[in-house]
Amino acid sequence: MPELPEVELIRRHLAPVVDGATVIDVAVSHERTARYNSGPEEVEQRLNARTFTSLARTGKFLHSELDDGQVVVAHLGMSGRFVVDGDDEPHTHFRCRFDNGHEIRFIDPRTFGFVAVCDQDAPLPGMLRLGADAWTTPPEPSRLAAMLQKRTAAIKALLLDQALISGLGNIYADEALHRARIHPLRPGGDLTDGETKRLLDAISVVLESAIDNGGTSLDDLAYLLPDGRAGENLGRLRVYGRTDQPCLTCGTPIEQVRVRARSTHFCPNCQAAGK
DNA sequence: AACGATCCCTGTTGGC
DNA sequence: TGCCAACAGGGATCGT
């Protein structure tokens with residue numbers, strides 16, 4: 001499941017292909033991929049003959065303004081991949097050929113992802129409420145503390161709320177909480193100023209090193225580097241997917257609980273429930 | 001307004 | 001071995 005680091009690496013791969021390129025052929029072949037427009041035809045019509053400007057990323061969203069002021073937005077969801085100049089393969093729901101000779105394809109078996117074209121003054125609902133990007137524009141500790149004030153939900157759940165901070169998903173939320181030594185079930189409003197600062201530092205380190213390591217490729221290989229290799233960050237995860245295995249810091253078995261229908265991994269010793 | 005539950009979807013896995 | 005339920009989760013939506 002691509003999170004901020006994986007989406008950023010995909011952006012870096014796609015940007016040289018799409019920036020300044022003009023669409024000469026586009027085909028959307030799945031209704032759900034076009035669900036934020038009236039259907040595949042609308043996405044095709046609004047994209048055809050348009051020129052991409054600069055491919056950007058906010059949280060887990062990829063977006064580019066077009067030469068006529070529209071905005072194209074893509075989200076990879078759970079299983080979405082972009083491939084440049086690839087071969088035909090199952091679950092290809094979007095193909096776009098450019099005047100520079102390159103073609104990009106969007107492959108998404110679970111169809112949680114999408115490609116949308118919207119007007120600048122009518123962004124997608126999800127992007128409208130998007131909080132500051134967790135990596136490029138993280139909030140000051142005092143600002144995050146203010147946002148967490150009075151919040152009773154588990155800090156893990158709040159980290160997954162893209163309206164607070166955008167870009168963290170289930171893997172990096174667990175990793176950041178472990179690095180910050182904060183129990184995932186602690187109510188957000190109970191965090192001390194010191195813990196809030198630790199959490200922001202941990203988020204920064206966890207995301208940065210994931211990008212440096214080429215992202216996290218899980219066993220399902222839904223995410224791969226542009227050249228087809230697996231990202232190397234899986235072996236560096238300290239809690240995610242390590243239920244019952246010894247904590248790499250203290251040896252205590254990693255525990256797993258569910259928070260907002262998401263598996264949550266933590267060390268009961270390093271991340272004490274009290275404080 | 002905040003919070004938790006539910007749903008969408010398909011490939012993979014684990015239990016019997 | 002084969003079948004099927006359970007599981008994985010980002011985000012929208014809805015009820016409380």
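**View 1. Cys96 is a buried cysteine.** In this predicted model, the relative accessible area of Cys96 is 0%; buried means under 20%, exposed over 50% and partly exposed in between, with a 1.4 Å probe and protein chains only. Its closest cysteine sulfur is in Cys118. The two sulfurs are 16 Å apart, too far for a bond.

**View 2. Cys247 is in no disulfide.** A disulfide here is a pair of cysteine sulfur atoms within 2.5 Å. The nearest cysteine sulfur to Cys247, that of Cys267, is 3.7 Å away. Cys247 is buried too, with a relative accessible area of 4%. Across the whole structure, the search finds 0 disulfides.

**View 3. Residues near DNA strand B (a heavy atom within 4 Å of the strand).** The residues around the strand include Arg32, Pro109, Arg110, Phe112, Arg151, Leu158 and Arg260. By class, the surface has 5 nonpolar, 3 polar and 4 charged residues. Of the strand atoms within 4 Å of the protein, 70% belong to sugar or phosphate; the rest belong to bases.

**View 4. Phosphate oxygens of DNA strand B beside His91 and Thr152.** A polar side-chain atom of His91 lies 2.7 Å from a phosphate oxygen. For Thr152, a polar backbone atom is 2.5 Å from a phosphate oxygen. Ala153 also places a polar backbone atom 3.0 Å from a phosphate oxygen of the strand.

**Notes.** Residues are numbered from 1 along each chain as its sequence is written, and chains are lettered from A and ligands numbered from 1 in the order in which they are written. Local features need pLDDT of at least 70, side-chain atom pairs count only at pLDDT 80 or more, and totals for chains, interfaces and linings use all residues, while side-chain values use heavy atoms, leaving out hydrogens and water.

Note on methods. A polar contact is a pair of N or O atoms within 3.5 Å; within protein, one must be able to donate a hydrogen and the other to accept it, and residues adjacent in sequence count only if both atoms are side-chain atoms. Ala, Val, Leu, Ile, Met, Phe, Trp, Tyr, Cys and Pro count as nonpolar, Asp, Glu, Lys and Arg as charged, and the others, Gly among them, as polar.
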